[in-house]
Amino acid sequence: MSNSKKPLRIDIVSDVVCPWCVVGYKQLAKALEQTNTEFDIHWHPFELNPNMPSEGQNLREHIMEKYGSSTQESDASRARMIEAGREVGFEFNFNDDTRMHNTFNLHQLLHWADQQGQRHDLKQALFTAHFTDGRNISNKEVLADIASEIGLDRSEALAVLEDQRFAKDVREEEQHWQQQGIQSVPAIIFNERHLVSGAQGVDSFKRILEQLANM
């Protein structure tokens, strides 16, 4: 597969607060490595909860309100996520204070990071900050800190969040993917033609990659 004429284009529509988005990406990354596939990843914005208040909400309360889940069902879901993360080397640390956040600011910061060639690095840092370290990603100062930790300019990151200069761009990109029929994430599009939804598992992604290589 490494002899492909050009790298496999992979567009990933996702949200930072979506646990299956990070699991799905990590599964795909393992499959790409194991199949020696050359690739080019492009991340795109999606908001799981666009109406979430800026201060966020307790995650367990949010899940119970949104899906009608019981405490037992919530615990079982968390256990599945933790195990799925462990299988691909990602650590989820849920607790009673874990929160769901509004992610519009995060997507604006990612849009800016893309102009510096660091969207992928910032995406991974935000996944870790939220799910592993439990940092308050509703806080602009915290977001600016995370940006600076991967080498981006902290003051400029804060300015981007304060003046909302990329709000229109992010809204337009979100609308584009909605118009393409994307209603849930992760949504992974290979070579701008083949859509795969959800965290499929390493072996399933390997089969998909092998099929694509033979097309």
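Okay, let's start with strand E1, residues 8-14, which is mostly covered: six of its seven residues are buried. Keep in mind that this is a predicted model.

So who are the neighbours of E1? On one hand there's strand E2, residues 39-45, running parallel to E1 and joined to it by seven bridges. If you want a spot to click on, Asp11 stands opposite His42 in E2. Throw in helix H1 and you've got a right-handed β-α-β unit, made by E1, H1 and E2.

Then there's strand E5, residues 187-190. That pairing is antiparallel, with four bridges to E1. Here the spot to look at is Ile10, which stands opposite Phe190 in E5.

Okay, cysteines. How many disulfides does the count come to? Zero. As for exposure, Cys18 is buried, at a relative accessible area of 4%, and Cys21 is buried too, at 1%. Both get that label because buried means under 20% relative accessible area.

Now, pockets. The largest one has a volume of about 430 Å³. There are 23 residues lining it, and Pro19, Ile63, Tyr67, Ser77 and Met81 are the closest to its centre.

Which elements supply the lining? You get at least two residues from each of these: helix H1 (19-34), helix H2 (59-67), helix H3 (71-87), strand E4 (99-100) and helix H5 (119-132). So H1 turns up again here, after its part in the β-α-β unit with E1 and E2.

And if you're wondering about the chemistry of that lining, by class we have 13 nonpolar residues, six polar and four charged.

Definitions and conventions
Residues numbered from 1 in each chain as written. Predicted model: local features only at pLDDT ≥ 70, side-chain atom pairs only at ≥ 80, totals over all residues. Heavy atoms only, no water. 1 Å grid on protein atoms, 1.4 Å probe; cavity = no way out; pocket = protein on both sides within 12 Å on 5 of 7 lines; lining within 4 Å. Points joined across faces, edges and corners; volume = space filled by probe spheres on them. Nonpolar A, V, L, I, M, F, W, Y, C, P; charged D, E, K, R; others polar. Disulfide = S-S within 2.5 Å. Buried < 20%, exposed > 50% of the residue type's maximum accessible area, 1.4 Å probe, protein only. Pairing = 2+ DSSP bridges. Right-handed = clockwise from strand over helix to strand, strands pointing away.
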